[in-house]
Amino acid sequence: MSRTALRICPLCEATCGLTLSIDGTRVTAARGDRDDVFSRGFICPKGASFGALDADPDRLRTPLVRRDGELREATWEEAFDAVAAGLRPVVERHGPHAAGIVLGNPNVHTMAGALYPTVLLGALGTRALFTASTLDQMPKHVSSGLLFGDANAIPVPDLDRTDHLLLIGANPLESNGSLCTAPDFPGRLKALRARGGTLTVVDLRRTRTAKLADRHVAIRPGTDALLLAAMAHVLFEEGLADLGALAPHIEGVTELADAVRDFTPESVAAACDVDIDTTRALARELAAAPTAAVYGRIGSCTVPHGTLASWLVDVLNILTGNLDRPGGALFPQAATDRTPRPAGPGHGFTLGRWHSRVSGHPEAKGELPLSALAEEIDTATEDGTPVRALITIAANPVLSAPDGHRLDKALDSLDFMVSVDPYLNETSRHAHVVLPPPPPAQSPHHDFAFNTLAVRNQVRYTRPAVPLEPGRMAETEILARLILAATGGHGADPAAVDALVIEQTLGKAVREPHSPVHGRDPHDLAARLTGTDGPERRLDMMLRLGPYGDGFGARPDGLTLERLLAHPHGIDLGPLRPRLPQPLKTRSGKVELLPAPIAADLPRLKHAMAERPAGLVLVGRRHLRSNNSWMHNIPALTGGSNRCTLHLHPDDATRLGVRDGEPVRVKGAGGEVTAPAEVTDTVRPGVVSLPHGWGHDRPGTRLGHAAGDPGVNVNQLLDGSLLDPLSGNAVLNGVPVTLTPLTGAKL
């Protein structure tokens, strides 16, 4: 029987609403949900391919357990028995830090990934946490932590009301947005221009986004922080800095002016390859606009000064009075955020509370650099035990992290490894146990993380579109059972995990004076929760305790799970609103404009003014039909322009004797790869570009389509030694490479 069902798309950060056509239990088509309160019918190729991804024949359907060196199908009971038998002895023998956890990007796209890994981390007690954040966005978390006291307090551009938008290192027409959740980002940019606004794009490539812009500045890779610092200098030098209503909430303006004194447009021009007049014009236009927002993303994060660039994005928003005002950059308020505490000083944000065992990298936001995972496994030291057991959840660091060959070997040396993954991929093939979650149509969905980054406050929830297939286990139950198996509770009812979280959360809430349930009985509150299972009860609890919630009856018109279920297309909670000083958790209770770690790193940026690349440098690129390494097994999402080719400028191709379509050997500090050349003037001279997430040619995987056109792993060109020192983020862009044409050779 054919029917339709609603589903929020989990395939990128745009979180678009979908209407699925379902025949029996099979998704036959997906289109945009025109009644969705946030996306209004927008859909991209990834969302349109939801059914193909959902039904991918290579998705694992049963657990795999390694026996006699081979991964073989097993029952769920056998799989969790093996996890408990393999993991617990390592922890008991070597301590909790010998067990590492790796969390991949897809975790923030699922309810299970949002609700359970933090519980696992806390219960296990390990400091060996590695996530995809240190390959992408950690600089923004660190800069936000230092500025605002909260690493998750990330202001987003008010796209629908701004008059002037400056994008740096961002290509939302391909990425659909990142750290800025905005369905139909392309349409919002076109609407900005249609209402007379200005779009400026700073990017070394003439991307689809850059082609839409009023002004495109083709900066040299890795110099974003220098350009932004020079713009801040101009604002001070020309008397254009105006904090406006922000002034009472800001400290350190005078110190900041002194700190950027040497970053003149003249001093950075050669390093950035941006002329003096352009730099001054960028600053003046930003200051003159009625409202404006600066937004930087992965291109400005995955470089040697990623944290400084992320900090300077917000500095410019502050100096022009555009932070926390409509049309500028504002702090979203998600429905599942805790009830806002009263404004005032907080605990602040601290870096380096512990360090990695081998290279001494400081932790950031509780995480160690993913680039350091291999050495933390394969290198013995006198101080501490190597990682001997590993839990990977929706992660493929063999492809996504630098030097996958070394990590490949390191994973083979582990005493025990368990992967929660729907595929047998380049990383999970090393596991002793693989626990496959069901396809997305069989899972519920609520965007906990992305709603904290959304350009409009709203809340949506969709239950599974089709029933759980016989023999499958819900991802929430998989992770709950994993927590029990990893912490000595194997065999207990997995519902106990959710019950414990609810008990602890409500117990804390009733003790908080600002909570709507202060002084009430937590057991009575728990009895009032609705939902069909533990995850829904937890969602109900978070909604009711949240800023729009009913407070368990204290605010009768507030949000509950029951009310949300009565609005299947979601509930609009209104445009972003000014919130300062409430979000600030710094020790001063103000925005600390020049934090000590930032000030200490500025001399390194000054040295960069004299640096020039001696040869070619490499950058990555994204494609609308990809999301890192996890969509190349879907035929509808590969081919055409979504291919693993090396982009290089015609001038460089002529100089090096490279012909379009012929193979080129690319060599970096970590290794070499061979890819077909694609000669194009969309990259600036001196720059070559390879896409991220390819390299599906290792044996032992079950990725039939991806293996047929594997591409090459760009991260194999990196040895993992280049990191942004404040955040531990890998330097993936602007790294030196050499090219050798292989004329006449076959790929």
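In the predicted model, Ala499 has a relative accessibility of 44% and therefore counts as partly exposed, since this value falls between the limits of 20% and 50%. Ala499 belongs to helix H20, which spans residues 495-509. Although 27 residues separate Ala499 from Ala526 in sequence, the C-alpha atoms of Ala499 and Ala526 lie 9.0 Å apart in space.

A contrasting environment is found for Gln333, which is located in the loop between strand E14 (329-330) and helix H16 (373-378). The relative accessibility of Gln333 is 11%, so that Gln333 counts as buried, the limit being 20%. The side chain of Gln333 is joined to that of Arg579 by a polar contact of 3.0 Å. Leaving aside residues up to four places away in sequence, the contacts of Gln333 comprise Pro340, Asn457, Pro547, Tyr548, Arg579 and Gln582.

Turning to the sheets, seven strands are arranged in an open sheet of mixed pairing, in the order E5-E4-E17-E16-E15-E6-E7. Strand E5 (70-73) and strand E7 (129-131) form the edges of this sheet, each pairing on one side only, and the twist from one strand to the next averages 20°. Within the sheet, strand E15 (residues 389-393) runs parallel to strand E16 (residues 416-420), to which five bridges join it, and Ile393 stands opposite Val420 of E16. Helix H3 (residues 76-94) packs on the sheet through contacts with strand E4 (64-67), strand E6 (99-103), E15, E16 and strand E17 (433-435), and the direction of H3 makes an angle of about 125° with that of E17. Helix H5 (residues 117-124) likewise packs on the sheet, where it touches E6, E7 and E15, and the direction of H5 makes about 165° with that of E6.

At the E5 side of the sheet, E4 and E5 run antiparallel and are joined by four bridges, with Val65 standing opposite Arg72 in E5. The hairpin formed by E4 and E5 has two residues between the strands, and in this hairpin Asp68 adopts a positive phi near 55°. E4 also pairs with E17, again in the antiparallel sense, over two bridges; here Val65 stands opposite Val433 in E17. Val65 thus has a counterpart in E5, namely Arg72, as well as one in E17, namely Val433.

Helix H3 itself contains 19 residues and extends 27 Å from its first C-alpha to its last, close to the 27 Å expected at 1.5 Å a residue. Its buried residues are Trp76, Ala79, Phe80, Ala82, Val83, Ala84, Gly86, Leu87, Arg88, Val90 and Val91, a list in which Arg88 appears alongside nonpolar residues such as Phe80 and Leu87. The helix is followed by Gly95, the phi of which is positive, near 95°.

A second open sheet comprises four strands in the order E11-E10-E9-E13, with parallel pairing. Its edges are strand E11 (215-217) and strand E13 (293-296), each of which pairs on one side only, and the twist averages 15° from one strand to the next. Five bridges link E9 to strand E10 (residues 198-202), the two strands running parallel, and Ile168 stands opposite Val202 in E10. Helix H15 packs on this sheet by touching E9 and E13, and its direction makes about 175° with that of E13.

In soluble globular proteins, nonpolar side chains tend to be buried together. The largest nonpolar core of the model contains 62 residues, of which Leu226, Met231 and Trp311 touch the most other members. Two or more residues are given to this core by each of helix H6 (138-148), strand E9 (164-168), helix H10 (224-237), helix H11 (253-259), helix H12 (265-272), helix H13 (276-288), helix H15 (306-319) and helix H24 (596-608). H10 supplies the largest share, 10 residues. When residues up to four places away in sequence are not counted, Leu226 touches Phe263, Val268, Ala271, Cys272, Leu605, Ala608 and Met609. Another core, of 54 residues, lies apart from the largest one and includes Ala74, Met111, Leu115 and Tyr548; Tyr548 is also one of the residues touched by Gln333.

Methods: Residues numbered from 1 in each chain as written. Predicted model: local features only at pLDDT ≥ 70, side-chain atom pairs only at ≥ 80, totals over all residues. Heavy atoms only, no water. Pairing = 2+ DSSP bridges. Axes fitted to C-alpha atoms, helices over the stretch in contact; angles between N-to-C directions. Contact = heavy atoms within 4.5 Å. Core = buried A, V, L, I, M, F, W, Y, C linked by side-chain atoms within 4.5 Å. Buried < 20%, exposed > 50% of the residue type's maximum accessible area, 1.4 Å probe, protein only. Expected span 1.5 Å × (residues − 1). Polar contact = N/O pair within 3.5 Å; in protein donor to acceptor, adjacent residues only side chain to side chain.
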